[in-house]
Amino acid sequence: MAAGETQVYAKVNSKLKAHSAASLLDPLLSLGFPAHTALKALAATGRKTAEEAADWLRCHSNDPSLDDPIPQEYALFLCPTGSLLEKLQEFWRESRRQCTKNRAHEVFPHITLCDFFTCEDQKVECLYEALKRAGDKVLGSFPPAVPLVLHSSVSYLGFFVNDSPADVIREFAMTFATEAAILADCTVKPCTKQLHLTLAHKFYPHHQRTLEQLARAVHPGHSCQWTAALYSRDMRFVHYQTLRVLFQYKPQNVDELTLSPGEYIFVDPTQQEEASEGWAIGISQRTGCRGFLPENYTERASECDTWVKHRTYTFSLAMDPNPRKDGEASSRRNGELLPPPRPRSAGSLQALQAAIVRRSVLVVRHGERVDQIFGKSWLQQCSTPDGKYYRPDLNFPCSLPQRSNGIKGFENDPPLSSCGIFQSRTAGEALLDSGIRITSVFASPALRCVQTAKHILEELKLERKIKIKVEPGIFEWTKWETGKTTPALMTLEELKEANFNVSTEYRPAFPIASLLPAESYDEYVHRCAVSVEQVVSSCPQDAGVILIVGHGSTLDSCTRPLLRLPPRDCADFAQLVRKIPSLGMCFCEENKEEGKWALVAPPVKTLTHGSNSAFNWRNWILGN
């Protein structure tokens, strides 16, 4: 490059810095924020307004990493708009509904133009100029329509961009990389391989045909203006899971996070040893603080939900006759148009009637168990020296049923707590209000599962009409049970004597005596698959809802066989199960016409509540 050209770029660079400081940085400095944290806030919020950056700084006042010189990571994508985007979003929704989530659902529809790269906070404004210059250079040669060719393999489905349009797009990416290096001192690696727009990635092979059929409804000829969009992300959390907060939560202890609906939490799956069941350790995107949080207050979010859109360049030689106003930004997340919300399947009378007509399976986890609250030594807390039960806390049940091996038998077969009974009755009451028709009930032989089924049936007014069929085949993975032998569970006779309306005629797929101690994962998932197949086949074809009450693991191991999905990886299975709350539900519905089952929204909403710690009034009086 000639010396004169270098001077021109230098002048532009200085001009950009001066403009940025005058328009955005000065108001933050006048509020007393240090320059390096003000620049960090501007980069983290997309350099939109000084007010937005100031709010970010106030929220991050206790962020231990606020002064760390960690830049954002940036990437440039070519994104469709208009009717093509609408068709792609429709494909996203249908492919997820019919074939479950795959890697493509983590990010919006796009063509990747470069790898993620870093840029110093004070030079981000120069990236915007690099984007503008690169766009202006190829604007005249950018194709009015980008031809897309569908490509499919056993693990990938998407559109390829070929021929001269691909060359123009690559030229744009290379020009941006060059301009970013000169103006912002960034090392950008442009995409030089096959340009593609991914539709599905790393899906189950048996879903390939369905995905291809859905993809054929997306005609590449749909009208579209292509937009180059510059996004950023926090490089520290690239390999973390992203959770979206559903409910407000006020901390009960100093090491817990304050949660607000809609905010995002970053969770490292490999660093959860300190968290107890039902809890996670995460870092709030809103505040940067780290702490414990209840997992059932959150749901999994997509990878790109926390990305920040900075600037865009639209390739259009004609003016947009209907430009978007700033006021419409509220319908977007990080600038991306959100897909229209889908109604819940049980949210309308029509959907509810369809659920009643179709054969369905409702899989429910048992209620809160007493050892979950009072620990492994719970039995010592409620036993007298002569082996009699008493109630040391209101969350202990009022009484325990009689069993042949005495109170010691409850050690590895604990009952529901008082809250667990309340949870079960609340779920039963909600199922009654929903109007669904329960026709058969199956339960794991664990006492807590039989109790949960009993209380649900009582609220449904069906405790005398429907007998509980005890199926040992859906018992918990025995590897997770304590001891080298299968827990001594209550017999059908003992359950009947304790006033449980259990069936003595039902012949289970796996008798209790056939359960293997410390079985392998493959043995466990095979046992559940065989059991759920017998459960479904033993019920009439025109039956309503089959209720299965089991464990957290049951929600996965007894639904995947119905959905014709292979078992999860063992490590993923263990991570998933620990996040399933008491009375968590999965609802599968049969489509007789297509001869398959689908996962749909449960007929009732989730049950969420906070913790309530023990209180010693004597210590409180003396301590105050």
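# Reasoning from values to terms

Reader: Why does Glu179 count as buried?

Author: The relative accessibility of Glu179 is 10%, and the word buried is kept for residues under 20%, so Glu179 counts as buried. This value, like every other one here, was computed from a predicted model.

Reader: What makes the pair Glu179 and Arg133 a salt bridge?

Author: A side-chain nitrogen of Lys or Arg has to lie within 4 Å of a carboxyl oxygen of Asp or Glu. For Glu179 and Arg133 the N to O distance is 3.9 Å, and therefore the pair meets that rule. Glu179 belongs to helix 6 and Arg133 to helix 5, so this contact ties together parts that are 46 residues apart in sequence.

Reader: How do you know that Lys132 and Asp136 are separated by about one helical turn?

Author: Lys132 and Asp136 are four residues apart in helix 5, which covers residues 124-138, and this spacing is what puts about one helical turn between them. Their closest N and O atoms are 2.9 Å apart, which is within the 4 Å limit, so Lys132 and Asp136 also form a salt bridge.

Reader: Are Lys132 and Asp136 buried or exposed?

Author: Neither word fits, because buried means under 20% and exposed means over 50%. Lys132 has a relative accessible area of 43% and Asp136 has one of 39%, so each is called partly exposed.

Reader: What makes Arg560 and Asp556 a salt bridge?

Author: The side chains of Arg560 and Asp556 meet at 4.0 Å, N to O, and since the rule asks for within 4 Å, the pair is accepted as a salt bridge. Both residues of this pair are buried. Elsewhere, salt bridges that share partners join Glu73, Arg103, Arg233 and Glu303 into one network, and the count for the protein by this rule comes to 30 salt bridges.

Reader: How many disulfides does a search of the whole structure find?

Author: The search finds zero disulfides. A disulfide is a covalent bond between the sulfur atoms of two cysteines. The cut-off used for such a pair is 2.5 Å between the sulfur atoms. For Cys528 the closest cysteine sulfur, in Cys558, is 4.5 Å away, so the two are too far apart for a bond. For Cys289 the closest cysteine sulfur is in Cys59, at 9.9 Å, and this too is too far for a bond.

Reader: How do you know whether Cys528 and Cys289 are buried or partly exposed?

Author: Cys528 has a relative accessibility of 1%, which is under 20%, so Cys528 counts as buried. Cys289 has 21%, which is not under 20% and not over 50%, and therefore Cys289 is called partly exposed.

Reader: What makes a set of residues in this protein a nonpolar core, and which residues have the most contacts inside the largest one?

Author: The residues in such a set have to be buried, to be of the nonpolar kinds counted, and to be joined through side-chain atoms within 4.5 Å. The largest set that results has 55 residues, and those with the most contacts inside it are Leu127 and Phe176. Helix 6, residues 163-184, supplies the largest share of this core, with 10 residues. Apart from it lies another core, of 43 residues, which includes Ile438, Ile468, Phe475 and Val549.

Reader: Why is Phe615 called exposed?

Author: Phe615 has a relative accessible area of 61%, and exposed means over 50%, so the word applies to Phe615. Phe615 is placed in the loop between strand 21 (596-600) and helix 17 (617-623). Together with Trp617 and Trp620, Phe615 forms a nonpolar patch on the surface, and these residues have about 430 Å² of accessible area together.

Reader: What is notable about phi of Asp185?

Author: Phi of Asp185 is near 55°, a positive value in a residue other than glycine. Asp185 lies in the loop between helix 6 and strand 6 (195-201), and with a relative accessible area of 56%, over the 50% limit, Asp185 is therefore exposed. Asn499 also has a positive phi, near 75°, and lies in the loop between helix 13 (492-497) and helix 14 (521-537). The relative accessible area of Asn499 is 48%, which is not over 50%, so Asn499 is called partly exposed.

Methods
Residues numbered from 1 in each chain as written. Predicted model: local features only at pLDDT ≥ 70, side-chain atom pairs only at ≥ 80, totals over all residues. Heavy atoms only, no water. Buried < 20%, exposed > 50% of the residue type's maximum accessible area, 1.4 Å probe, protein only. Helix = DSSP H or I, 4+ residues; strand = E, 2+ residues; numbered from the N terminus. Patch = residues over 30% accessible without salt bridge, like charges linked within 9 Å, V, L, I, M, F, W, Y side chains within 5 Å. Areas by Shrake-Rupley, 256 points an atom, 1.4 Å probe, with all protein chains shown as cover.
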